[in-house]
Amino acid sequence: MKLFSKKRQVIPEMTRGEAMACKPVKNRDIDETRMENGLVMLSYPLRLKPLFADVAKRFGMWKDGAPPIKRLELDEMGTLVWNMIDGKNSVRMIAERFALKYKVLPREAEVATASFLRDLGKRGLIAFSGKQSRQN
């Protein structure tokens, strides 16, 4: 028996339909720069776990007490998806537009779009609204 094991919170799985109905929303703390070629460059603070952030601050690894800034340059496809993130368009709508623009099968567009949005979510660049709460 582990004395200090952390209990994991069980989060109910969403159905594919529920996930596709979610509406991504941009993080307001992200700096968005339009480059000359029309692509988007995102700048955002590096997120560290609290323990590592405390160590970094104590040893002066951050200038001015602020975390380092990371940059993410989006390609043409990423820019298209990023431009559609407005809190009104669902993942499904974004995937449909992606499929039309790049002439790919709807399922391929859904997988690519969902994967990209999941990555943006893990980085803290977007959140999702419109998730259905499940009653047990």
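This passage describes a sheet, the helices packed by it and a few individual residues in a predicted model.

The sheet is open and built from three strands, which follow one another in the order β2-β3-β4 and pair in the antiparallel sense. Strands of a sheet pair through backbone hydrogen bonds, and the pairing may be parallel or antiparallel. The edge positions are taken by β2, residues 31-34, and β4, residues 69-73; each has a single partner strand, so one side of each is left without a neighbour in the sheet. On average, and with direction ignored, neighbouring strands of this sheet are turned by 20° against each other. Strand β3, which spans residues 40-45, is joined to β4 by five bridges in the antiparallel arrangement, and M41 has E73 of β4 as its bridge partner.

Helix α3, formed by residues 76-84, lies across β2 and β3 and runs at about 70° to β3. This helix also packs with α4, at an angle of about 145° and with the two axes 10 Å apart. The contact draws on E76, M77, L80, V81 and M84 from α3, and on M93, I94, R97, F98, K101 and Y102 from α4. The crossing in which α3 passes α4 is right-handed.

Among the α4 residues that take part in this contact are F98 and Y102, and an aromatic pair is formed by these two residues, with the ring centres 5.1 Å apart and an angle of 50° between the planes, an arrangement classed as tilted. A search of the whole structure finds one aromatic pair. Because F98 and Y102 are four residues apart in helix α4, which covers residues 91-102, about one helical turn separates them. With a relative accessible area of 8%, F98 is buried, since this value falls under the 20% limit. The ring of Y102 is also approached by a charged residue, as K101 lies over the face of Y102 at 6.0 Å from the ring centre.

Outside the sheet and the helix pair described above, G130 is found in the segment that follows β5, the strand of residues 126-129. The relative accessible area of G130 is 44%, so this residue counts as partly exposed, a class that lies between the limits of 20% and 50%. Although G130 and A19 are 111 residues apart in sequence, their C-alpha atoms are 9.2 Å apart in space.

Conventions:
Residues numbered from 1 in each chain as written. Predicted model: local features only at pLDDT ≥ 70, side-chain atom pairs only at ≥ 80, totals over all residues. Heavy atoms only, no water. Pairing = 2+ DSSP bridges. Helix = DSSP H or I, 4+ residues; strand = E, 2+ residues; numbered from the N terminus. Axes fitted to C-alpha atoms, helices over the stretch in contact; angles between N-to-C directions. Contact = heavy atoms within 4.5 Å. Buried < 20%, exposed > 50% of the residue type's maximum accessible area, 1.4 Å probe, protein only. Phe/Tyr/Trp six-rings, centres within 6.5 Å; stacked < 30°, edge-to-face > 60°. Lys NZ or Arg CZ within 6 Å of the ring centre and 35° of its normal. Left-handed = near helix turned anticlockwise from the far one by under 90°.
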